[in-house]
Amino acid sequence: MSGHSKWKNIMHKKEKTDAARAKIFTKIGKEISMAVKAGGPDPTSNSKLRDLIAKAKSNNVPSDNIDRIIKKAASDDSANYESIVYEGYGPNGIAIIVEAATDSRNRTSANLRHYFDKFGGNLGTTGCVSFMFKDKGTIIIESEGVDEEKLMEDALNAGAEDISADEDIFEITTAPETLDEVRDALEKAGYSIASAEADKIPDSYMTLNDEESITKMEKLLDMLDEDEDVNNVYHNWQND
């Protein structure tokens, strides 16, 4: 999972859909349930829910499944999940932030501690690495049929901070508090939004130069990705 591109997180999950579809559905289902409990079941007035529905669809979650999750959460029959943020270090001091949603803090904490310890890292205290990241909003638009100059003009006029092209997508960066405003403006301008989510951007990146550390970092990220309690992982590893 990339430390700076939500779209790469999504694509990484898509690649594993055949092998891990149930886990992906479970993770997104938890996020949707929490969003409904926090802001209600109507996506027109609950921007977080609207973003998660788009995320679910980008991961090929069937609409019927999404509707069932929303109705269950709204009826208060669903489990209550707690949001927890963990911070720690991977091999050679790579900074890692893990966002989790769990109904068992003890289980999740034990699992994460095991992953970090097994692959050359360690969990730290709250705040030990978060100061190395800035909270941002990230909007992804697939580039096919989109004029880059026009998109740049529209995005900046809507209040975006920056726009960059990355292979077949445009990645638009916003201040966290203006994410919804910029997303709504771009949708009204006719753009199809592939993803719009809160993000954490590292101030600087680190590289790993030995194969052992690279392998450990890759395995650590895979274990975090496969854990059903883990929603998002941010890090400052630059793996080019």
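This is a dialogue in which a learner and an analyst read a predicted model, one feature at a time.

User: I would like to begin with the sheets, so what is the general idea of how strands pair, and which strand order does the sheet containing strand 8 have?

Analyst: In general, the strands of a sheet pair through backbone hydrogen bonds, and the pairing may be either parallel or antiparallel. In this predicted model, one open sheet has four strands in the order 3-1-2-8, and the pairing is antiparallel. Strand 3 (122-123) and strand 8 stand at the edges with a single partner strand each, so one side of each has no neighbour in the sheet.

User: How many bridges join strand 1 to strand 2, and which residue is the bridge partner of Val85?

Analyst: Strand 1 and strand 2 run antiparallel and are joined by eight bridges. Val85 has Glu99 of strand 2 as its bridge partner, while Tyr89 is matched in strand 2 by Ala95. On the other side of the pairing scheme, strand 1 and strand 3 are linked in the antiparallel sense over two bridges, and Gly88 stands opposite Leu123 of strand 3.

User: What lies between strand 1 and strand 2, and what should I notice about the phi of Asn92 there?

Analyst: As a general idea, most residues other than glycine have a negative phi. Strand 1 and strand 2 form a hairpin with five residues between them, and Asn92, in the loop between these strands, has a positive phi of about 60° although it is not a glycine.

User: Is Asn92 buried or exposed?

Analyst: The cut-off for exposed is over 50% relative accessible area, and Asn92, at 52% relative accessibility, therefore counts as exposed.

User: Which helices pack on this sheet, and at what angles do they run?

Analyst: Helix 5 packs on the sheet and touches strand 1, strand 2, strand 3 and strand 8, its direction making about 20° with that of strand 1. Helix 8, for its part, lies across strand 2 and strand 8, and runs at about 155° to strand 8.

User: Which residues touch the most other members of the largest nonpolar core, and which elements supply it?

Analyst: The largest nonpolar core has 20 residues, and those touching the most other members are Ile96, Val98, Leu112 and Leu224. At least two residues of this core come from each of strand 1 (82-89), strand 2 (95-102), helix 5 (105-118), helix 8 (211-226) and strand 8 (230-235), and the largest share, five residues, is that of helix 8. To see one member in its surroundings, take Leu112, which, once its neighbours within four places in sequence are left aside, is in contact with Tyr86, Val98, Leu123, Leu224, Asp227 and Val230. Another core, of 15 residues, lies apart from this one, and among its members are Ile141, Ala155, Tyr191 and Ile193.

User: What is the order of the strands in the sheet that contains strand 5, and where are its edges?

Analyst: Here four strands form an open sheet in the order 5-6-4-7, with antiparallel pairing. Strand 5 (162-166) and strand 7 (195-202) are at the edges, each having a single partner strand, so one side of each is left without a neighbour in the sheet. From one strand to the next, the twist averages 30°. Strand 4 (residues 133-142) and strand 6 (residues 169-174) run antiparallel and are joined by six bridges, with Ile141 standing opposite Phe170 in strand 6.

User: Where is Lys134, and which residues is it in contact with beyond its neighbours in sequence?

Analyst: Lys134 belongs to strand 4, and, leaving aside its neighbours within four places in sequence, it is in contact with Asp199, Lys200, Ile201 and Asp203. With a relative accessible area of 45%, Lys134 is partly exposed.

User: At what angle do helix 3 and helix 7 pack, and which residues make the contact?

Analyst: Helix 3 (residues 47-58) and helix 7 (residues 179-188) pack at an angle of about 60°, and their axes are 11 Å apart. The two helices are therefore oblique to each other, and their crossing is left-handed. The contact is made by Ser47, Arg50 and Asp51 of helix 3 together with Asp180, Arg183 and Asp184 of helix 7.

Conventions
Residues are numbered from 1 along each chain as its sequence is written. This is a predicted model: local features need pLDDT of at least 70, side-chain atom pairs count only at pLDDT 80 or more; totals for chains, interfaces and linings use all residues. Side-chain values use heavy atoms; hydrogens and water are left out. A nonpolar core is a set of buried Ala, Val, Leu, Ile, Met, Phe, Trp, Tyr and Cys residues joined through side-chain atoms within 4.5 Å. Buried means under 20% relative accessible area, exposed over 50%, partly exposed in between (1.4 Å probe, protein chains only). Contact means heavy atoms within 4.5 Å. Two strands pair if DSSP finds at least two bridges between them. Axes are lines fitted to C-alpha atoms, for helices over the stretch in contact, and angles run from 0 to 180 degrees between N-to-C directions. Angles under 35 degrees count as roughly parallel, over 145 as roughly antiparallel, 65 to 115 as roughly perpendicular and the rest as oblique. A crossing is left-handed if the near helix is turned anticlockwise from the far one by less than a right angle, and right-handed if clockwise.
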